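Visitor: I should like to learn how the features of a protein model are read, one after another. May we take the structure itself as the worked example?

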Amino acid sequence: MKRGPLVVVGDCLLDVDLEGEAARLAPDAPVPVVEGTSEQLRPGGAGLAALLAARDDDEVILVTALGDDDAGRTLHSLLAGRVEVVRVPMRGTTVRKTRVRARGQTLVRIDTGDGRAAGADPARAALRDGPVASVLRRAGAVLVSDYGRGVAEAARELLAGLDVPVVWDPHPRGALPVPGCALVTPSEAEARVLCREPYTGPDQAARHLTDLLRARAVAVTMGAQGASLACADGHHTRVPPPALGSGQDACGAGDRLASAAALALRAGRSAEEAVAAGVAEASRFVAEGGAAAIRLKRAEMGDRPRTAIEVAELVRASGRQLIATGGCFDLLHAGHVSLLRRARALGDALIVCVNSDESVRRLKGPGRPLVGQRDRVEVLRALGCVDAVLVFEEDTPEAVIEQVRPHVWVKGGDYSERRLPEQEVLDRIGAEAVVLSSVPGRSTTNLIAAAQKER
């Protein structure tokens, strides 16, 4: 199987648990009074699925929509350093679901926020023309964690053309799974909605949905009873859970099952083996307390986020100034270092966007780069003025600028008399362009020419 990252595509929300004690009723209404509450925050929806997958594997990328609001910034700080987040445009505010709990029981849930992936056309264009398409091309498997808020629908065109296992965890208000999914994992309630004929039980529903959705396999999940699995080749089986103590809170069990199954399929295991792994992990997850047992701290800049996207989001969320620049950086020299130091001095963090080897060859010719991208990245990361490095495959940096969304984009050279090639995307994201003059006589071309002359 292709050994790329697991890419989770779907809708993210902020889950909040207010935990306290309820020992008396309110004097003005027959409702419990919850006292001494503590607040626990965690990603929900696709964010939880990605977080749970990242506990098993360090190559997890989440494609989702996050609002530029308190809930969205909190969500990203909870995910940063654990999964890489690739954002798509959102309309509205990030969804927040607050559960008031006492002694392990949920008393009430309060939902706020109306956020959805931006209208179909802009969202699909952002996915098709931006970094999402590149991320999906590298995927070893894809998990679609659909919570009915538009990300899966916007990504549908890209998802339909993939040649890696796709696991689709559907939602009653979401998009239909694309044909050819390796596995679809509806709950019984979701299976009732998906079936276009009277529901006669999980076994019949799994068989019917395999044909209806043109999926290679469908597993109707049944909570403590495991799952009913039907495959396109006619094979059907019940997958029982392991003998574990049962927990009270099943919140997040479906996300745990789907994420474990997706990782198993990526490793080359069969649908039955993948569902068995998913059922076992979901059962263990619930027995250990479910989503309510997850305890996370918000990431800070000192936590050393692993990726450029994580650095970018943390800097923006904390209200600091993000700087970015780009180039080939072949044969790093004093001119490069001067540019990078001056760029970093303009703000609080510097991300360097580097052309891939293929991109350099298209731009500079078959003899370039002299230094491969892995070594170029390693050298740049060693510089104290560089906070993160991001490689891009395109010939121009417009897509990666939109992904990083810097406050300031630095260009080296002399552009005083003409418009920057990246100006359109900079205007669209509200970024400032700053041109820093090059150091006279310092260039990679000159270094190559001098070396060739010496030979």
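**Reading strands, sheets and salt bridges**

Guide: Let us begin with a connection between two strands. In this predicted model, strands β2 and β3 are joined by a hairpin of six residues.

Visitor: How many bridges join β2 to β3, and in which sense do the strands run?

Guide: Strand β2 covers residues 12-25 and strand β3 covers residues 32-45; the two run antiparallel, with twelve bridges between them. To read the register, one takes a residue and looks for its partner: D17 stands opposite Q40 in β3.

Visitor: Which strand pairs with β2 in the parallel sense?

Guide: That strand is β7, residues 96-102, which pairs with β2 over seven bridges. Two partners show the register here. V16 has T98 as its bridge partner in β7, and the bridge partner of G20 in β7 is A102.

Visitor: What is the order of strands in the sheet as a whole?

Guide: The order is β3-β2-β7-β8, an open sheet of four strands with mixed pairing. Its edge strands are β3 and β8, the latter spanning 105-112, and each of them pairs on one side only. From one strand to the next, the twist averages 20°.

Visitor: Is there a general idea about side chains to keep in mind when looking at a sheet?

Guide: There is: side chains in a regular strand alternate between the two faces of the sheet.

Visitor: Which helix lies across β2 and β3, and at what angle does it run to β3?

Guide: Helix α1, residues 46-56, lies across both strands, and its direction makes an angle of about 70° with β3.

Visitor: Let us turn to salt bridges. How many does a search of the whole structure find?

Guide: The search finds 23 salt bridges. One of them is formed by R24 with E35, whose closest N and O atoms are 3.2 Å apart. R24 belongs to strand β2 and E35 to strand β3, so this pair ties together parts that are eleven residues apart in sequence.

Visitor: Are R24 and E35 buried or exposed?

Guide: Neither extreme applies. R24 counts as partly exposed because its relative accessibility is 42%, and E35 is also partly exposed, at 41%; the class lies between the cut-offs of 20% and 50%.

Visitor: Where do the partners D395 and R362 lie?

Guide: Consider the pair itself before its location. D395 forms a salt bridge with R362, and the closest N and O atoms are 2.7 Å apart. D395 is in the loop between β18 (388-392) and α15 (398-404), while R362 is in helix α13 (residues 357-364), so the pair ties together parts that are 33 residues apart in sequence. D395 is partly exposed at 36% relative accessibility, and R362 is partly exposed at 47%.

Visitor: What of the salt bridge that E424 forms with R428?

Guide: In that salt bridge the closest N and O atoms are 4.0 Å apart. Both residues lie in helix α16 (residues 423-429), four residues apart, which is about one turn of the helix. E424 counts as exposed because its relative accessibility is 59%, over the 50% cut-off. R428 counts as partly exposed at 47%.

Visitor: Which residues are joined into one network by salt bridges that share partners?

Guide: The network consists of D15, D17, R42 and R99.

Visitor: How does one read a buried position, taking V88 as the case?

Guide: One compares the relative accessible area with the cut-off. V88 has a relative accessible area of 6%, so V88 is buried, the limit being under 20%. V88 lies in strand β5, residues 84-88. Distance in sequence and distance in space are read separately: V88 and A154 are 66 residues apart in sequence and 9.4 Å apart in space, C-alpha to C-alpha.

Visitor: What can be said of the protein as a whole?

Guide: The protein has 17 helices and 20 strands. Of its 455 residues, 53% count as buried. The protein exposes about 20700 Å², and carbon and sulfur atoms supply 48% of that area. As for contacts between residues at least 6 apart in sequence, 66% join residues at least 24 apart.

Technical notes. Residues are numbered from 1 along each chain as its sequence is written. This is a predicted model: local features need pLDDT of at least 70, side-chain atom pairs count only at pLDDT 80 or more; totals for chains, interfaces and linings use all residues. Side-chain values use heavy atoms; hydrogens and water are left out. Two strands pair if DSSP finds at least two bridges between them. Buried means under 20% relative accessible area, exposed over 50%, partly exposed in between (1.4 Å probe, protein chains only). Contact means heavy atoms within 4.5 Å. Accessible areas come from the Shrake-Rupley method with a 1.4 Å probe; for residues, only the protein chains shown count as cover. Axes are lines fitted to C-alpha atoms, for helices over the stretch in contact, and angles run from 0 to 180 degrees between N-to-C directions. A salt bridge is a side-chain nitrogen of Lys or Arg within 4 Å of a carboxyl oxygen of Asp or Glu.
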